[in-house]
Amino acid sequence: MNMSLSSPKILVIDDDFSLGRVIYYELREQGFSVETARSGEAGLELFNQQSFDAVLTDLRMKGIAGMEVLKTILQTDPNAIVIIMTAFGTMDDAMKAVRFGAADYITKPFATDQLAFVIEKALRIKRLEQSAINLRQQVMEQTRFENLIGEIGRAECRERV
């Protein structure tokens, strides 16, 4: 995952050519770097060739559908951000997508601001999770058993001198 702060790179996978172009241009206007794919197969190929901060995939597509795209991407990179888009959304679909690891779920039609908000929220949550992991690792390093013994040993030496 790229997680760049300047211009997040987004992969849009949608078999609706017109909607894919609209999303492409709208997200670019919002400051995102965008790549598009017109099928699940093409999207997975692009995902394996490049690094993306987030993936937006349509749920219903011919060939490899969005739920399979989600599962395949998360098998490749469990930390990937995948957002499901659909015009045929049900609460059951949303719960299933989130259960399989989707970062979020958005129903078409949506406003560009709404889509940008969903992407930015998912990126912000991922950055916070990564910061928490890094902080936890730093604390674990500083409080390892060897470090605790080392500090006690040095204190005892100072007292004896």
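This passage describes the architecture of a predicted model, two of its helices, one buried acidic residue and several contacts that involve aromatic rings.

The protein contains six helices and five strands. Read from the N terminus, these elements follow the order β-α-β-α-β-α-β-α-β-α-α. Of the 161 residues in the protein, 36% are buried. When contacts between residues at least 6 apart in sequence are considered, 64% of them connect residues at least 24 apart.

Helix α1 comprises 13 residues, from 17 to 29. The distance from its first C-alpha to its last is 18 Å, close to the 18 Å expected at 1.5 Å a residue. At the start of α1, the backbone nitrogen of Ser 18 is approached to within 3.1 Å by a side-chain oxygen of Asp 16. Beyond the helix, α1 is followed by Gly 31, which has a positive phi near 100°.

The buried residues of α1 include Gly 20, Ile 23 and Leu 27. These residues span an arc of only 65° around the axis, and they therefore lie on the same side of α1. The packing partners of the buried residues of α1 are the strands β1 (9-13), β2 (33-37), β3 (54-58) and β4 (82-86), together with helix α5 (112-142). Ser 18 and Glu 29, by contrast, are exposed on the face of α1 that is turned away from the buried side.

Helix α2, formed by residues 40-49, has Gly 40, Gly 43, Leu 44, Leu 46 and Phe 47 as its buried residues. Viewed down the axis of α2, the buried residues fall within an arc of 160°, so one face of the helix is lined by them. The buried residues of α2 pack against β1, β2 and β3, as well as against α3 (66-76). On the other side of α2, the exposed residues are Glu 45, Asn 48 and Gln 49. Strands β1, β2 and β3 thus appear among the packing partners of the buried residues of α1 and also among those of α2.

Asp 14 is located in the loop between β1 and α1. Asp 14 has a relative accessible area of 2%; because this value is under 20%, the residue counts as buried. A polar contact of 2.8 Å joins the side chain of Asp 14 to the side chain of Lys 108. Apart from neighbours within four places in sequence, the residues in contact with Asp 14 are Leu 19, Ala 37, Arg 38, Asp 58, Met 61, Met 85 and Lys 108. Of these, Leu 19 belongs to the range of α1, Ala 37 to that of β2, Asp 58 to that of β3 and Met 85 to that of β4.

Contacts involving aromatic rings were also examined. A search of the whole structure yields one aromatic pair. The pair consists of Tyr 24 and Tyr 25, whose ring centres are 5.0 Å apart and whose planes meet at 85°, so the arrangement is edge-to-face. Tyr 25 is partly exposed, its relative accessible area being 43%. Two lysine residues are placed over phenylalanine rings: Lys 9 lies over the face of Phe 52, at 5.1 Å from the ring centre, and the charged end of Lys 71 is positioned over the ring of Phe 100, 4.3 Å from its centre.

How values were computed
Residues are numbered from 1 along each chain as its sequence is written. This is a predicted model: local features need pLDDT of at least 70, side-chain atom pairs count only at pLDDT 80 or more; totals for chains, interfaces and linings use all residues. Side-chain values use heavy atoms; hydrogens and water are left out. Rings of Phe, Tyr and Trp (its six-membered ring) pair if their centres lie within 6.5 Å; planes under 30 degrees apart count as stacked, over 60 as edge-to-face and the rest as tilted. Buried means under 20% relative accessible area, exposed over 50%, partly exposed in between (1.4 Å probe, protein chains only). A charge sits over a ring if NZ of Lys or CZ of Arg is within 6 Å of the ring centre and within 35 degrees of the ring normal. Helices (H or I, at least four residues) and strands (E, at least two) are DSSP runs, numbered from the N terminus. The expected span of a helix is 1.5 Å times one less than its number of residues. The arc is that of the directions from the helix axis to the C-beta atoms. Contact means heavy atoms within 4.5 Å. A polar contact is a pair of N or O atoms within 3.5 Å; within protein, one must be able to donate a hydrogen and the other to accept it, and residues adjacent in sequence count only if both atoms are side-chain atoms.
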